[in-house]
Structures are given as structure tokens and as C-alpha cells.
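Visitor: I have a protein model on my bench screen and would love a walk through it. Could you take my questions one by one?

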Amino acid sequence: MTAAIPLRSSFAEEMVSIESVNGTTYTGSLSEVTAEHVIVAGKSTETIPIADVIRIDWPERRVANLSGQDLVLLANGDRLVMDPVQTDNEILRAKWREFPGLPLSSIPLEMVQGIAWKLPQDRVSRSGVITRLLNYSAKTDLLTLRNGNSVAGEFLGFNVDTLKLETAAGPLDIDLKSLNSLSFNPELIAFPKSQGVRLIVTLIDGSRFTATQFQYLADAGMQFTMAFGGQATFALDRIAAMQVVGGRAVYLSDLNPRDYTFTPYLSLRWPLRSDRNATGESLRVGGREYAKGLGTHSQAEITYALDGNYSQFQAVVGIDDHAGRGGNAIAEVLVDEKLVWTSEPLTSGGLPQRIESIDLSGAQALTLRVLFGQRGDVQDHVDWCDALLVKQPK
């Protein structure tokens with residue numbers, strides 16, 4: 001069962017921007033989206049193969065921050081602004097906060113990474129809650145309360161009023177109003193990998209989900225089949241962006257590097273992170289959040305095997321917004337060990353720098369470097385946002 005959210009009458013006047021792998025950006029009004037192509041009507045009508053699309057974006061639309069919202073985080077990186085209602089037979093029932101016309105969603109608990117209730121108003125505290133859920137690694141469920149206390153145990157379920165947790169001291173019934181967050185035992189989490197062309201959909205309420213199937217319904221909007229199961233239809237004016245995955249654009253965060261070398265300034269070592277920054281938070285540069293990318297820190301070198309299969313590389317690089325003051329680093333790109341691009345100094349609060357297109361024709365290897373800047377490694381959380389390779393055309 002699906003339900004549509006009503007449109008604003010002015011939605012059709014908002015111009016869409018479609019970025020393609022050939023370097024062309026098409027603008028106009030969206031006419032159609034299918035599993036084969038996208039059609040945009042501007043000065044002329046253009047039909048772009050879906051596999052050649054990188055991103056469909058409405059630049060004028062703003063995504064709400066998550067303050068005060070309940071949030072369901074999934075193991076594949078999706079996040080849903082939903083109010084958890086209850087659990088039933090290993091299924092989480094939740095309702096869309098901003099879209100009351102949609103029916104309850106049913107999400108297998110094994111796909112849920114964590115739940116947050118009433119996220120804090122300030123960005124730093126809000127980010128702290130989400131990061132704690134994303135990085136949780138203990139072999140037990142963990143409930144964090146609003147008073148700062150936490151309780152470990154086995155999650156048994158919840159209803160509209162009470163959450164049940166089996167602890168070493170026995171079962172506990174906890175008032176939902178006292179909850180801050182719930183982290184699930186990562187050993188019990190499983191999320192099947194999606195195949196084929198799919199969309200990462202960002203809604204204006206801050207939700208972001210992966211759609212394995214999608215259908216354009218003209219004035220009714222877009223119908224999506226979610227990776228976690230079930231369908232929902234959203235009016236186009238509720239959608240901020242749709243990023244294509246599984247086409248000719250291949251994100252580095254979905255690949256295993258051939259080599260990763262980290263050289264600490266003193267002794268602190270930093271990992272390479274996929275789709276998160278160096279501290280495990282969301283990728284955010286220049287006031288914009290990115291779903292895909294690499295989180296690095298100076299001094300690092302990452303090499304990917306290309307084997308002549310790709311035509312170009314592009315990315316947006318900068319110091320992550322979550323980093324404190326003082327960040328200063330240099331980014332470099334090498335193709336087959338030859339330096340082909342060097343950034344201006346990357347600084348905390350500075351504008352990100354775009355790598356438009358680096359030719360990879362016939363290249364065997366791509367290397368990304370992050371070098372120490374003027375202040376050693378202080379706050380050098382460098383993000384390679386939307387870092388992607390373009391497959392050679394067939």
C-alpha cells in the first residue's frame with residue numbers, strides 16, 4: 001500500500017539540475033525518471049540515460065536540520081526522520097514525522113543500526129548522538145538516557161510507552177520519554193547488498209534512503225521501493241536530491257583501495273573511512289552534507305587500481321565542517337604516480353575545492369594524497385566528497 005503527499009502548486013516552476021558523467025549539467029523541469037533514462041525539458045528536451053546521470057538536484061530546496069526529531073539509522077547508511085511506534089516480531093514499526101499521509105513503515109530490526117529520540121537542538125550535540133550510534137561496536141545493545149546514564153543489555157522491544165531491556169540485573173521497563181538513543185549489537189546487524197542502478201534519495205525533512213526501484217508518477221511525484229523494504233510515494237516538492245548509484249559513476253567509497261598508507265605527525269593514527277569523515281561523523285564541507293565520499297586525515301596516501309577501466313575522476317575536497325579551528329592541509333591527485341592536481345591550502349571554514357575532471361584514459365592507478373599544512377596535523381580532517389570514477393563507455 002502506498003500513499004502520496006500533496007504537491008505545492010508551484011513545484012513545477014522549480015528548476016532541476018541534472019549532472020551527467022559527460023561533464024554536462026542539464027537544467028529545466030523534470031519530465032520523467034525511469035530505470036532507463038531521465039528526461040528534462042529546458043531550452044530543448046533532453047533524454048539522458050540513467051546510467052550516465054550522477055545527480056538530480058533541486059538547488060533552491062533546503063534540507064531541514066534534524067534538531068528535535070526522532071531518527072532511525074540503518075546499517076547501510078540510510079537515515080529516516082521517523083517516530084518509532086513499536087516493535088513486533090523483530091520488526092520496527094515507524095511513521096514518517098513530516099509525511100503523516102503515509103502508512104506505517106515496517107523495518108526488519110536486523111537492518112537497524114540505532115534509534116535516536118528528540119535529537120538535541122545544537123549541531124555539536126546532535127552530531128555527537130548520531131556519531132555515537134554510527135560508531136557503536138560493543139557486543140551488546142546499549143540504551144542511553146537523557147540524564148546521561150547508559151544501560152547495556154538485550155533489547156526486548158517497546159510499545160508507545162515503555163521499552164523493555166534484559167540486563168545482568170534482570171529485566172527493566174523504561175519510560176520512552178527518558179530515552180536518548182538505542183544502539184544495537186552490531187554482530188546481529190545484517191543488511192543485504194543492493195544491486196543494479198539505484199537512487200540515494202534526500203528528502204527536505206532530512207531523511208536519506210536508498211531506493212532499489214523507482215517510478216515517476218507525473219503530478220503524483222515519485223514512487224520508491226526502499227532497500228529496507230516497502231514502498232512510499234513522495235511529491236516532487238518533498239525531494240531535495242536523488243543521487244544515482246550503480247551506473248557509470250563509481251564511488252571510491254564503494255571500492256577497496258589497493259594501498260592505504262598513513263604517516264602520523266607524532267603518534268596518533270587515523271583510519272580511512274567510507275562515507276564518513278575521519279572521526280566517524282557525516283561528511284560535511286562548506287555547509288553541505290554529502291552521502292558519498294572518503295574521510296581522511298593528514299598525512300595519508302590512498303591508491304586505487306584502475307586497470308584502464310575508467311575515463312575520469314572528480315571530487316569536491318575540503319576540511320570537514322565538524323573540525324575545529326586550525327585545520328590546514330594540501331590535497332594532491334596522482335595518476336600512474338604522476339602528479340596531476342594540487343589543491344590550494346585547505347583550511348577550516350574555507351571553501352571546498354572542486355576537481356572537475358581528471359582524465360584517466362588508459363590509467364592503471366589513481367592515488368589521493370593528504371599532506372601536512374602549516375600547522376602539522378591539527379584538525380586536518382580532509383573529506384573527498386562525491387569522489388567518483390567514470391566507467392569507460394561500452
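Here are the visitor's questions, with the guide's answers.

Visitor: Which secondary structure elements, and how many, does the protein chain have?
Guide: Happy to start there, and please keep in mind that this is a predicted model. Going through the secondary structure of the protein chain gives 1 helix and 35 strands.

Visitor: What radius of gyration does the protein chain have, and what would a compact globule have?
Guide: The C-alpha trace spans about 60 × 55 × 35 Å along its principal axes. A compact globule with 394 residues would have a radius of gyration near 21 Å, so the protein chain agrees with that at 22 Å.

Visitor: What percentage of the residues in the protein chain is buried?
Guide: A residue counts as buried when its relative accessible area is under 20%. Of the 394 residues in the protein chain, the buried ones make up 52%.

Visitor: Among contacts between residues at least 6 apart in sequence, what percentage joins residues at least 24 apart?
Guide: This one is about how the protein chain's contacts are spread along the sequence. Once you keep just the contacts between residues at least 6 apart, the share joining residues at least 24 apart is 63%.

Visitor: What part of the accessible surface belongs to carbon and sulfur atoms?
Guide: The protein chain has an accessible surface of about 17600 Å². The part that belongs to carbon and sulfur atoms is 47%.

Visitor: How far apart are the mean positions of the positive and negative charges?
Guide: The protein chain carries 36 positive and 46 negative charges. Taking the mean position of each set, the two points are apart by 2 Å.

Visitor: Where is the cis peptide bond that involves Gln299?
Guide: Gln299 sits in the loop between β27 (293-297) and β28 (300-305). Omega is near 5° for the cis bond, which runs from Ser298 to Gln299.

Visitor: Is Glu337 buried or exposed?
Guide: Glu337 is in the loop between β30 (328-335) and β31 (338-342). Its phi is positive, about 70°, although Glu337 is not a glycine. Exposed requires a relative accessible area over 50%. Glu337 has 75% relative accessibility, so it counts as exposed.

Visitor: What is phi of Lys118, and where is the residue found?
Guide: Lys118 is partly exposed, with a relative accessible area of 42%. Phi is positive here in a residue other than glycine, with a value near 45°. As for its place, Lys118 is found in the loop between β11 (112-116) and α1 (123-134).

Visitor: How many residues apart in sequence are the parts that Lys118 and Asp70 tie together?
Guide: The side chains of Lys118 and Asp70 meet in a salt bridge, 3.4 Å from N to O. Lys118 lies in the loop between β11 and α1 and Asp70 in the loop between β5 (53-57) and β6 (71-74), so the pair ties together parts that are apart in sequence by 48 residues.

Visitor: Is Asp70 buried or exposed?
Guide: Its salt-bridge partner Lys118 is partly exposed at 42%. Asp70 has a relative accessible area of 4%, so it is buried.

Visitor: Which residue forms a salt bridge with Lys164?
Guide: Lys164 is partly exposed, with a relative accessible area of 38%. Its partner is exposed at 53%. The closest N and O atoms are 3.1 Å apart, and the partner is Asp173.

Visitor: Are Arg238 and Asp237 buried or exposed?
Guide: Their side chains meet in a salt bridge at 2.8 Å, N to O. Both Arg238 and Asp237 are buried.

Visitor: Which residues do salt bridges that share partners join into one network?
Guide: A search of the whole structure finds 17 salt bridges. Those that share partners join into one network Arg79, Arg208 and Glu289.

Key:
Residues numbered from 1 in each chain as written. Predicted model: local features only at pLDDT ≥ 70, side-chain atom pairs only at ≥ 80, totals over all residues. Heavy atoms only, no water. Helix = DSSP H or I, 4+ residues; strand = E, 2+ residues; numbered from the N terminus. Buried < 20%, exposed > 50% of the residue type's maximum accessible area, 1.4 Å probe, protein only. Rg over C-alpha atoms; globule rule 2.2 N^0.38 Å. Contact = heavy atoms within 4.5 Å. Areas by Shrake-Rupley, 256 points an atom, 1.4 Å probe, with all protein chains shown as cover. Lys, Arg positive; Asp, Glu negative; His and termini not counted. Charge placed at Lys NZ, Arg CZ, Asp CG, Glu CD. Salt bridge = Lys/Arg side-chain N within 4 Å of Asp/Glu carboxyl O.
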